[in-house]
Amino acid sequence: MFTLIKTQKYSAIVFAISFLFLTNFTLGQDQKEASAASPGHNQIVIKDFDFSPKTLTVKSGEKITWINRDDEPHTVVSVEKQFKKSTALDTDQEFTITAGAPGTYTYFCSVHPKMTGTIVVEKS
Ligand SMILES: [Cu+2]
């Protein structure tokens with residue numbers, strides 16, 4: 001009887017350890033995939049009349065994509081005309097540019113000029 005309980009306890013511990021190991025392993029895999037997908041491609045979500053993140057730091061030569069998740073059309077226009085402006089983006093429509101020379105690029109939505117955002121381009 002005693003041995004049986006001991007074995008069950010042991011199995012439970014082994015099971016718990018395996019479960020933890022599997023969980024960590026799975027998480028590790030997910031993180032790896034997420035970081036492998038992100039370098040060189042940066043996304044700014046337009047939602048609730050706001051750009052998110054408000055400030056995005058990228059490296060020169062990387063792509064930046066805006067996606068409109070609002071039901072209203074929005075645009076992306078560089079304050080100092082440092083990059084081509086977007087057309088009016090409908091819901092779920094995307095606009096992509098390639099980051100140019102290092103510097104700070106501010107932009108706004110020409111439909112709602114209070115909507116502003118910043119891109120900081122660093123040397124690649
Ligand atoms: Cu807008």
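Let's start at S60, which is partly exposed, with 14 other C-beta atoms within 10 Å. Keep in mind that this is a predicted model. You'll find S60 in the loop between β3 and β4. Leaving out residues up to four places away in sequence, S60 touches A99, G100, A101 and P102, and also V121, E122, K123 and S124. A further pair worth pulling up is S60 and G103: they sit 43 residues apart in sequence, yet their C-alpha atoms are 9.2 Å apart in space.

From that loop, step back into the strands. β3 belongs to an open sheet of four strands, ordered β3-β8-β7-β5, with mixed pairing. The edges here are β3 (55–59) and β5 (77–78), and each has a single partner strand, so one side of each is left without a neighbour in the sheet. At the β5 edge, two bridges tie β5 to β7 (residues 103–108), and these strands run antiparallel. If you want a specific pair to look at, V77 has F108 in β7 as its bridge partner.

On the other side of the S60 loop is β4, and that takes us to another open sheet. Four strands make it up in the order β2-β1-β4-β6, again with mixed pairing. β2 (51–52) and β6 (94–98) are the edge strands this time; each has a single partner, so one side of each lacks a neighbour in the sheet. β4 (residues 63–68) is joined to β6 by five bridges, and the two run antiparallel. Within that pairing, I67 stands opposite E94 in β6.

So what about the nonpolar interior? The largest nonpolar core has 14 residues, and the members touching the most others are V58, I64, A99, I119 and V121. β3, β4, β7 and β8 (116–122) each supply at least two residues of this core. I119 is a handy place to see how things come together: setting aside its neighbours within four places in sequence, I119 is in contact with L56, V58, I64, A99 and Y105. Two residues from the S60 contact list, A99 and V121, turn up here too, both being among the core members that touch the most others.

Next, a few backbone details that you may want to check in your viewer. The peptide bond from S52 to P53 is cis, with omega near 0°, and P53 lies in the loop between β2 and β3. Further along, the loop between β5 and β6 holds K81, which has a positive phi of about 50° despite not being a glycine. K81 is exposed, with 8 other C-beta atoms within 10 Å. D92 is placed in the loop between β5 and β6 as well. Its phi is also positive, near 70°, and D92 is no glycine either. D92 counts as exposed, having 9 other C-beta atoms within 10 Å.

Finally, how far can you trust all this? The protein chain averages a pLDDT of 81, and 68% of the residues score at least 70. Over residues 13–37, though, the pLDDT is below 50, and beyond near neighbours in sequence this stretch has zero contacts in the model. Where pLDDT is low, the predicted coordinates shouldn't be read in detail.

Key: Residues numbered from 1 in each chain as written. Predicted model: local features only at pLDDT ≥ 70, side-chain atom pairs only at ≥ 80, totals over all residues. Pairing = 2+ DSSP bridges. pLDDT = per-residue confidence, 0-100. Contact = placed C-beta atoms within 7 Å. Core = buried A, V, L, I, M, F, W, Y, C linked by C-beta atoms within 7 Å. Buried ≥ 20, exposed ≤ 12 C-beta atoms within 10 Å, placed from the backbone.
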